[in-house]
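Work through these exercises with the sequence and the 3D view side by side. Try each task before reading its solution.

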Amino acid sequence: MELMGKHVVVTGAAGGIGGGLAERFHAEGANVVASDRDAAGVAALADRLNAIRPGSAIGFAADIGTEDGNVQLIAAADAAFGPIDLFFANAGVGVGRGLDAPETDWELAFDVNVNAHRWAAKHLIPDWLARKEGYFCSTASAAGLLSQIGSAPYTLTKHAAVAFAEWLSITYGDQGVRVSCLCPQGVNTNMLKMGDDPSAGISSSVVRSSGKVLEPAEVAEVAVKVIQDETFFILPHPEVLTYLQRKTGDPDRWLAGMRKLQARMANP
Ligand SMILES: NC(=O)c1ccc[n+]([C@@H]2O[C@H](COP(=O)([O-])OP(=O)(O)OC[C@H]3O[C@@H](n4cnc5c(N)ncnc54)[C@H](O)[C@@H]3O)[C@@H](O)[C@H]2O)c1
C-alpha cells in the first residue's frame, strides 16, 4: 500500500515507536490519527504535523485497553478523515515478570497487548470486507517469536499478538484485508528505558538482551517498506528471522542456549 493520501490510525503514538510511525506515515503523505492514553502527547504531535500540512492530523486520547476505547477511536477517526485505510495497533505495556506477577498485571498485559488488537479488528473488519480493502498492522515484539527472558506476561501476550495477526491474515487475506506484524528487538523508547527501574516492569536484564538498539525512525523506515510490499513480518532487526529459524530447526538446542543467556544475565 502506498501511504500518500491514505487515512492511517496509530495507537501508542504519544512517543516511542508509535510516534515514529505516525511521523513517518505523515511524511509519506498520509492523514494521521495519533492516539494514546497520553492526551497531551498526541495533541503535541498533531500540532507538529498540522504545522507541516494543515488539517492532516488529529490527536485522540483513548484507552485502547478497553473495547469502548477502540470503538471511540475508530468513530473519531472516521469522523475526521472518513474510512480508515490502515490501523496500526502499536500501544503496549511491559508489566509483570514471573509466576508471582499480580493478576492485575496479567490482565493489563492481555488487554493492551492482545485484546486491543482483537477489539480494533472486530470493529474494522466488517467495513473492510464491504470495501474489499483495509490494512491491519500490529506491534508485537521479537519476544512474540522467541521469548522474553525475565517476563512471562510479556512473552505470552506478544506470542498471542503474533498469533492473532497470523489468524487475521489467514482468515481475511483473500478478501482484501492485508496484515503485517512488527517484531522488533530493542528500540530506544521509554519502555526500554523503564527496564532500568525494577519496579517499573520488565527488568534491566531485558534491556541487555535486546540486541542492537534502534531508533523509532529506523523502525518506521522498515515499516513503510514492508507496508509498500504488503508482506507479513516487519523485522527491523533482520537477525530475528535467523533466531526463529534456529528455534524451529532445533528447539532443544535453542532452549538450552536461552537458559545459558538467562544465567549470564543473572550474573553478568
Ligand atoms: N522499545 C522496545 O524495545 C520494544 C521492542 C519490541 C516491541 N516493542 C513494542 O512496541 C510498542 C510501542 O512501545 P514503545 O517501545 O514505543 O514504548 P512507549 O512506552 O514509548 O510507548 C507505548 C505507548 O503506548 C501507550 N499506551 C499504553 N497503554 C495504553 C492504553 N491502555 N491506551 C492507550 N495507549 C496506551 C503509552 O502511553 C505509550 O505512549 C509496544 O507494543 C511494545 O511492546 C517495544
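**Exercise 1.** In which sense do strand β1 and strand β4 pair, and over how many bridges?

*Solution.* First, the ground rules. This is a predicted model: local features need pLDDT of at least 70, side-chain atom pairs count only at pLDDT 80 or more, and totals for chains, interfaces and linings use all residues. Residues are numbered from 1 along each chain as its sequence is written.

Next, the terms. Helices (H or I, at least four residues) and strands (E, at least two) are DSSP runs, numbered from the N terminus. Two strands pair if DSSP finds at least two bridges between them.

Now find β1 at residues 7-11 and β4 at residues 86-89. They pair in the parallel sense, over three bridges. One bridge links V8 to L86 of β4.

**Exercise 2.** Give the strand order of the open sheet, and name its edge strands.

*Solution.* Seven strands line up as β3-β2-β1-β4-β5-β6-β7, and the pairing is parallel. The edges are β3 (57-61) and β7 (233-234), each of which pairs on one side only. Helix α2 (residues 39-52) packs on this sheet. It touches β2 (31-36) and β3, where touching means contact (C-beta atoms, placed from the backbone, within 7 Å). The direction of α2 makes about 175° with that of β3 (axes are lines fitted to C-alpha atoms, for helices over the stretch in contact; angles run from 0 to 180 degrees between N-to-C directions).

**Exercise 3.** What span should helix α3 have, and where do its buried residues lie?

*Solution.* Start with length. The expected span is 1.5 Å times one less than the number of residues. Helix α3 (residues 67-81) has 15 residues, so it should span 21 Å; its end C-alpha atoms are 21 Å apart, which agrees.

Then burial. A residue is buried if 20 or more other C-beta atoms lie within 10 Å of its own, exposed if 12 or fewer, and partly exposed in between, with C-beta atoms placed from the backbone. In α3, G69, N70, L73, I74, A77 and F81 are buried. They cover an arc of only 130° around the axis, so they sit on the same side of α3 (the arc is that of the directions from the helix axis to the C-beta atoms). The face turned away carries the exposed residues D68, A75 and A79. The buried residues of α3 pack against β1, β2, β3 and α4 (103-131).

How values were computed
Contact = placed C-beta atoms within 7 Å.
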